[in-house]
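Trainee: I've got a model open and would like to learn how to read it. Can you walk me through it?

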Amino acid sequence: MSYRVAIFGSAGQLGAELSNEFTVRGCKLLRLTRQEVDITDGAKVEKLLTCFSPDVVINSAAYNMVDVAEQEPLAAYEVNGLAVRHMAASCRQLDARLVHFSTDYVFDGASARPYTESDPTHPLGAYAVSKLAGELYAQAYLDNPLIIRTSGVFGPAGLNTARGNFIELMLRLAASPNPIRVVEDHVASPTYAPALAARTADLVFGKHSGLFHIGGGTPISWYDYARKIFDLAGRKPALRATNEREYRTSARRPKYSALSNAKMESLGIQPMPSLDGAIREYLAAREKLAVSA
Ligand SMILES: NC(=O)c1ccc[n+]([C@@H]2O[C@H](COP(=O)([O-])OP(=O)(O)OC[C@H]3O[C@@H](n4cnc5c(N)ncnc54)[C@H](OP(=O)(O)O)[C@@H]3O)[C@@H](O)[C@H]2O)c1
């Protein structure tokens, strides 16, 4: 089965991998970057989708600046909330399926085990509220959207995006002689974008809908994650553990936001790769990109 697939945010870390994955699986793609359309322009989104007539619309575009969102909550809400409403309304008109990505930050972090899809949400800041609003709009306007919550995304495209990712930040900081401070009291499940894209395609081709968690599968503190990155990259910078009391940020973040992939795996979809394997693959891919640049 070959689908016509429109992808918003196709220059982002995940969007780039979704574009590769759906192309390899024989789909006809409409790749949309911010240059082609700002997703807050509902009329343009609708026009582009009407012209292309997609079977599937994938939204991996997002306002991801968690701390800046505390100063400009409306900007975050327009991209992560209202734009999803426009997209969902267009999908309804066109009878297209919507695949939308959300975040582990919809939770408050009070859990002591990976969050499942049936756990209650309680966002802690403007970014998190805006992402939850996007989920609700997709569910309000469509009977069967596919909503995938993920966590700490890293993909080779992050080498060239303005926002990058945690691995790029760590490698950049390692180039300076200053000690690197990373929190040890916050735990997430870092997620490799190519693996997430492949499982997203499995869900789409399997005609699944509803809410799914796809995180990296390994709950890990940001400090331990940083240490793992440096070990695997063969770097030895001065790395210091800190905590949220010492390292204040504008936005509150959940202390624990690892996601359980059990629902996805119960469908027979392959578990996510190990974190070590994913970081190794990432480092090899970024090396290749850097050499070819
Ligand atoms: N990255 C993470 O750690 C993380 C964690 C949990 C959930 N998620 C979710 O996973 C999904 C994919 O994230 P990602 O890591 O691929 O993010 P990313 O690399 O930052 O990509 C997001 C893309 O969206 C584009 N975009 C932002 N605002 C836009 C607008 N108004 N109109 C059109 N395009 C716009 C960005 O363009 P510009 O570069 O020009 O801004 C960028 O290309 C998002 O839904 C995100 O919320 C990500």
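Mentor: Let's go from the overall fold to the ligand, and then to a few single residues.

Mentor: First, the ground rules: this is a predicted model, where local features need pLDDT of at least 70, side-chain atom pairs count only at pLDDT 80 or more, and totals for chains, interfaces and linings use all residues. Residues are numbered from 1 along each chain as its sequence is written, and side-chain values use heavy atoms, with hydrogens and water left out.

Trainee: How many helices and strands are there in the protein?

Mentor: Helices (H or I, at least four residues) and strands (E, at least two) are DSSP runs, numbered from the N terminus. Here you get nine helices and twelve strands.

Trainee: What radius of gyration does the protein have?

Mentor: You take the radius over C-alpha atoms, and the globule rule is 2.2 Å times the number of residues to the power 0.38. For 293 residues a compact globule would come out near 19 Å, and the protein's 18 Å agrees with that. Its C-alpha trace spans about 55 × 40 × 40 Å along the principal axes.

Trainee: What share of the residues is buried?

Mentor: Buried means under 20% relative accessible area, exposed over 50%, and partly exposed in between (1.4 Å probe, protein chains only). Buried residues make up 52% of the 293 here. As for contacts (heavy atoms within 4.5 Å), take those with a separation of 6 or more: 80% of them join residues 24 or more positions apart.

Trainee: On to the ligand. Which residues are the closest to it?

Mentor: A residue is near a molecule if one of its heavy atoms lies within 4 Å of it. The ligand has 23 residues around it, and Leu-14, Arg-34, Ile-39, Asn-64 and Lys-131 are the closest. Sorted by class, that shell holds ten nonpolar, nine polar and four charged residues. In this scheme Ala, Val, Leu, Ile, Met, Phe, Trp, Tyr, Cys and Pro count as nonpolar, Asp, Glu, Lys and Arg as charged, and the others, Gly among them, as polar.

Trainee: Which backbone atoms should I look at there?

Mentor: Look for N or O pairs within 3.5 Å, the polar contacts; within protein, one atom must be able to donate a hydrogen and the other to accept it, and residues adjacent in sequence count only if both atoms are side-chain atoms. A polar backbone atom of Ile-39 sits 2.9 Å from a ligand nitrogen. A backbone N or O atom of Ala-62 is 3.3 Å from a ligand oxygen. The ligand exposes 900 Å² when taken alone, and the protein buries 87% of that (Shrake-Rupley method, 1.4 Å probe; for residues, only the protein chains shown count as cover). Helix H1 (13–24), strand E4 (97–103) and helix H4 (126–141) each give two or more residues to the shell, with E4 giving the most, three.

Trainee: Where does His-186 lie?

Mentor: His-186 is in the loop between strand E7 (180–183) and strand E8 (187–188). At 8% relative accessible area, His-186 is buried. Its side chain makes a 2.7 Å polar contact with the Glu-244 side chain, and a polar atom of the His-186 side chain lies 3.3 Å from the backbone oxygen of Pro-254.

Trainee: What is the phi of Ser-53?

Mentor: Ser-53 is not a glycine, yet its phi is positive, about 55°. Ser-53 lies in the loop between helix H2 (42–52) and strand E3 (56–59) and is partly exposed, at 41% relative accessibility.
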